[in-house]
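Hi,

Here is the structure I promised to pass on. Have a look at it first, and my notes on what turned up follow right below.

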Amino acid sequence: PKWRFAGILLVLCVTGIFLASSQTASNRIQQGFNEIKNYDGVHATSLGGRLYFHQKTLALALDKPLTGWGTGSYQVLFRDNSTNDFFDVGGGHHPHNQYLYFFVENGLAGLLLFFVLEFHE
């Protein structure tokens, strides 16, 4: 446990040094912040698309939060409830977030079971 904390701290420091010294990384981070800040739900950007997927998927999950919509339901639900044809291509297949995916299809019960199985040692 003590070494684990030291290892995490070391990785964070090395990552911070890399990000601070790399102009390419700095440009990409700034681009990401700009895409999020200027996200309008219509124009396709990498992070804008992910925000769109997450918003639509979370709305679907909250419509049936306890039981979910059922296994295999995500693709049809997303396409039927999406308002952006361009984003349907990527988000219609998978929301790019496994937790949201389980939440939509299996509800809170399935999501909690997934957490138990994932983090059980």
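H3 and H6 are roughly parallel to each other (that label goes to angles under 35 degrees; over 145 counts as roughly antiparallel, 65 to 115 as roughly perpendicular and the rest as oblique). They pack at an angle of about 30°, with their axes 8 Å apart. Axes here are lines fitted to C-alpha atoms, for helices over the stretch in contact, and angles run from 0 to 180 degrees between N-to-C directions. Helices are DSSP runs (H or I, at least four residues), numbered from the N terminus.

Before going further, bear in mind that this is a predicted model: local features need pLDDT of at least 70, side-chain atom pairs count only at pLDDT 80 or more, and totals for chains, interfaces and linings use all residues. Residues are numbered from 1 along each chain as its sequence is written, and side-chain values use heavy atoms, with hydrogens and water left out.

Back to that pair. H3 passes H6 in a left-handed crossing, the name used if the near helix is turned anticlockwise from the far one by less than a right angle (right-handed if clockwise). On the H3 side, His54, Thr57, Leu58, Leu60, Ala61 and Leu62 meet Leu100, Phe103 and Val104 of H6, where contact means heavy atoms within 4.5 Å. By class, the residues of this H3 and H6 contact come to 7 nonpolar, 2 polar and no charged. For the classes, Ala, Val, Leu, Ile, Met, Phe, Trp, Tyr, Cys and Pro count as nonpolar, Asp, Glu, Lys and Arg as charged, and the others, Gly among them, as polar.

How does H3 sit against H4 (residues 74–81)? The two pack at an angle of about 105°, with their axes 10 Å apart, so H3 and H4 are roughly perpendicular to each other. Tyr52, Phe53, Lys56, Thr57 and Leu60 of H3 make the contact with Tyr74, Leu77, Phe78 and Asn81 of H4. That contact of H3 with H4 has 6 nonpolar, 2 polar and 1 charged residues.

Lys56, which lies in helix H3, is worth clicking on. With 24% relative accessibility it counts as partly exposed; buried means under 20% relative accessible area, exposed over 50% and partly exposed in between (1.4 Å probe, protein chains only). Leaving out residues up to four places away in sequence, Lys56 touches Phe78, Asn81 and Thr83. Lys56 and Leu77 are 21 residues apart in sequence, and their C-alpha atoms are 9.8 Å apart in space.

The third pairing is H2 (residues 23–37) with H3 (residues 46–63), which pack at an angle of about 45°, axes 8 Å apart. That makes H2 oblique to H3, and their crossing is right-handed. Here Gly32, Glu35 and Ile36 in H2 meet Ser46, Leu47, Gly48 and Leu51 in H3. The residues of this H2 and H3 contact split into 3 nonpolar, 3 polar and 1 charged.

Now for the loops. Lys64 lies in the one between H3 and H4 and, at 32% relative accessibility, counts as partly exposed. Lys64 touches Trp69 and Gly107, not counting residues up to four places away in sequence. The C-alpha atoms of Lys64 and Phe103 are separated by 9.2 Å, although the two are 39 residues apart along the chain.

What is unusual about the phi of His96? Most residues other than glycine have a negative phi. His96 has a positive phi of about 60° although it is not a glycine. You will find His96 in the loop between helix H5 (85–91) and helix H6 (98–119), and its 37% relative accessibility makes it partly exposed.

Last, helix H1 (residues 2–21). At 1.5 Å a residue, its 20 residues should span 28 Å (1.5 Å times one less than the number of residues), and the end C-alpha atoms are 29 Å apart, which agrees. Of those 20 residues the number buried is 0, so H1 lies largely in the open. Trp3 is in H1 and counts as exposed at 73% relative accessibility. The C-alpha atoms of Trp3 and Lys64 are separated by 43 Å, with their positions 61 residues apart along the chain.

Cheers
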